[in-house]
Amino acid sequence: MANYYQPEIETASREKILEIQNEKIVKQVKHVYENVEYYRNLMDEKGVKPEDIKSVDDIKKLPFLTKADLRDAYPYGLLGTDIKNCVRIQSTSGTTGKRVVAFYTQNDIDIWEECCARAIVAVGGTNEDVCQVCYGYGLFTGGPGLNGGSHKVGCLTLPMSSGNTDRQIQFMMDLGSTIICCTPSYAAYIGETLAEKGYKPEDNKLKAGIFGAEPWTEEMRRGIEKSLGIKAYDIYGLTETSGPGVSFECEEQTGMHINEDHFYAEIIDPETGEVLPEGSKGELVFTSLDKEGFPLLRYRTRDICVLSREKCSCGRTHVKMSKPMGRSDDMLIIRGVNVFPSQIETVLLNEGYTPNYQIIVDRVNNSDTLDVNVELTPEQFSDKVGDIEARERALEGAMRTMLGIGPKVHLLPPKSVVRSEGKAVRVIDNRKLHD
Ligand code: DLL
């Protein structure tokens with residue numbers, strides 16, 4: 001039996017959803033044009049006026065926003081309201097030195113948490129559940145978003161944050177957690193640790209897990225379901241549009257319903273920017289229909305997906321997106337943290353190294369590893385082992401500060417990073433992330 005948090009909107013007719021979207025977009029574009037100089041300039045350059053946007057069909061006339069715009073406008077250039085109306089920031093990686101900073105009014109937080117509440121109710125959550133949130137808390141949106149959603153549903157919320165697996169397991173067992181929220185790789189790791197400690201899947205009270213923030217395969221889903229004895233559901237989102245809960249899986253487990261009353265989704269050709277017909281594979285673009293603090297219009301997510309309007313047996317009418325099938329840029333997600341090779345390059349240049357480097361990513365025991373091989377110049381090269389090691393640790397520290405996760409750095413003799421005849425191969429990703 002399907003459960004909804006806001007049935008009237010989650011199962012609304014297509015006409016009703018369009019009516020809501022059309023009403024919101026006209027207001028939102030006018031508001032952004034009047035209040036966000038950065039975007040007004042982009043619209044003026046394209047010769048689009050707010051009056052040209054009469055319905056969501058006209059969204060394709062608007063200019064795109066990208067992570068590069070977020071960097072150019074950092075920190076306040078895309079703010080949609082007076083800063084005194086904002087109550088929170090959240091943040092994720094930028095492409096180089098500056099992070100993406102998103103602003104929220106209280107209304108934005110309420111809507112975001114409602115979206116997460118929809119996801120929790122969709123997996124069977126009620127006020128009788130104990131919801132263990134082990135996404136990171138802090139600037140990352142995972143912890144705060146699911147925490148807020150869990151409160152709205154009335155679950156007993158365990159704000160665990162990530163890490164300290166022994167304590168996670170102790171609370172899970174002692175307090176009888178029934179829903180767990182974390183990255184899929186952490187869920188797999190918890191499952192493995194439970195088994196190592198001698199627990200069988202039926203020893204815990206978990207019934208469902210809400211996993212996202214990084215790509216994962218159907219094979220991983222089956223593994224997690226088996227090791228934890230639960231149903232594993234996907235959840236998607238990004239800081240720029242709020243955080244987790246932009247879309248979520250229902251009991252059908254065949255894609256994630258996008259909360260269309262708040263986000264308008266398009267699929268474009270990543271090369272040409274052209275809007276593709278329904279059912280095509282391409283880059284997902286979101287327009288926030290009612291965000292106040294950070295109202296991004298036509299934000300290019302770089303996630304490659306397919307949208308489907310096939311009728312869903314759960315009764316929800318909102319469009320479904322497939323699992324992201326890759327990215328149209330070079331962003332990596334390592335242990336749930338977004339990492340751009342350009343951030344690593346920035347650290348190397350800042351620290352006086354050359355940009356001859358290679359990033360090697362792998363997954364060992366359900367945990368991602370990140371190694372960075374960096375070539376030294378003949379002047380930098382030293383045959384004193386201690387000297388090299390000290391420099392490796394210093395570089396690891398600088399990278400940890402920039403990335404939010406610590407890589408293992410290996411300083412190599414001159415000419416040891418393979419030169420490519422074409423485009424330099426900077427990243428070797430040995431993980432299997434997509435089906
Ligand atoms: O990862 C928000 C989030 C937190 C989503 C918790 C789900 C659960 P960012 O740090 O801004 O936000 O990273 C956003 O992560 O563009 C995708 O590339 C990737 N991503 C998010 N969810 C999924 C998913 C959070 N379910 C970027 N499957 C997005 C695959 C995902 N990739």
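This is a short walk through the structure, with something to select at each stop. Keep in mind that the model is predicted.

**Stop 1: the ligand**

Start by selecting the ligand and the residues around it. The shell holds 23 residues, and Asp 234, Ile 235, Thr 239, Asp 303 and Asn 338 come nearest. Try colouring the shell by class: you should find 11 nonpolar, 7 polar and 5 charged residues.

Which strand gives the most residues to this shell? Select residues 231–237 and you have strand β7, which supplies 4 of them.

Now zoom in on three polar contacts. Show the side chain of Asp 234: one of its polar atoms sits 2.8 Å from a nitrogen atom of the ligand. Next, pick Thr 239, where an N or O atom of the side chain is 2.6 Å from an oxygen atom of the ligand. For Ala 213, turn on the backbone instead, since a backbone N or O atom there lies 3.1 Å from a ligand nitrogen atom. How much of the ligand does the protein bury? Taken alone, the ligand exposes 610 Å², and the protein buries 97% of that.

**Stop 2: the sheet of 11 strands**

Switch to a cartoon view and look for an open sheet with mixed pairing, built from 11 strands in the order β4-β3-β5-β6-β7-β8-β9-β13-β12-β11-β10. Its edges are β4 (156–159) and β10 (263–268), each of which pairs on one side only.

Two helices are worth selecting here. Helix α7 (residues 165–175) packs on the sheet and touches β3 (130–133), β4 and β5 (179–182). The direction of α7 makes about 175 degrees with that of β3. Helix α8 (residues 184–196) lies across β5 and β6 (208–212), at about 125 degrees to β5.

Now select β11 (residues 281–288) together with β12 (residues 299–308). These strands run antiparallel and are joined by 5 bridges. One pair to label is Phe 286 and its bridge partner in β12, Tyr 299.

While you are here, click on Arg 298, in the loop between β11 and β12. Its phi is near 50 degrees, a positive value in a residue other than glycine. As background, most residues other than glycine have a negative phi.

**Stop 3: the sheet of 4 strands**

Move on to another open sheet, where 4 strands follow the order β18-β17-β16-β19 with mixed pairing. Why do β18 (408–412) and β19 (427–429) each have a side without a neighbour in the sheet? Both stand at the edges with a single partner strand, so one side of each is left free of a neighbour there. From one strand to the next, the twist averages 20 degrees.

Select β16 (residues 357–364) and β17 (residues 367–375) to see an antiparallel pair joined by 8 bridges. Within it, Ile 360 stands opposite Asp 371 of β17. Then add helix α11 (residues 385–403), which packs on this sheet and touches β17 and β18, its direction making about 135 degrees with that of β18.

**Stop 4: a cis peptide bond**

Finish at Pro 75, in the loop between α4 (67–72) and β1 (86–92). Is the peptide bond from Tyr 74 to Pro 75 cis or trans? Omega is near -10 degrees, and the bond is cis. In general, most peptide bonds are trans.

Notes: Residues are numbered from 1 along each chain as its sequence is written. This is a predicted model: local features need pLDDT of at least 70, side-chain atom pairs count only at pLDDT 80 or more; totals for chains, interfaces and linings use all residues. Side-chain values use heavy atoms; hydrogens and water are left out. A residue is near a molecule or strand if one of its heavy atoms lies within 4 Å of it. A polar contact is a pair of N or O atoms within 3.5 Å; within protein, one must be able to donate a hydrogen and the other to accept it, and residues adjacent in sequence count only if both atoms are side-chain atoms. Accessible areas come from the Shrake-Rupley method with a 1.4 Å probe; for residues, only the protein chains shown count as cover. Ala, Val, Leu, Ile, Met, Phe, Trp, Tyr, Cys and Pro count as nonpolar, Asp, Glu, Lys and Arg as charged, and the others, Gly among them, as polar. Two strands pair if DSSP finds at least two bridges between them. Contact means heavy atoms within 4.5 Å. Axes are lines fitted to C-alpha atoms, for helices over the stretch in contact, and angles run from 0 to 180 degrees between N-to-C directions.
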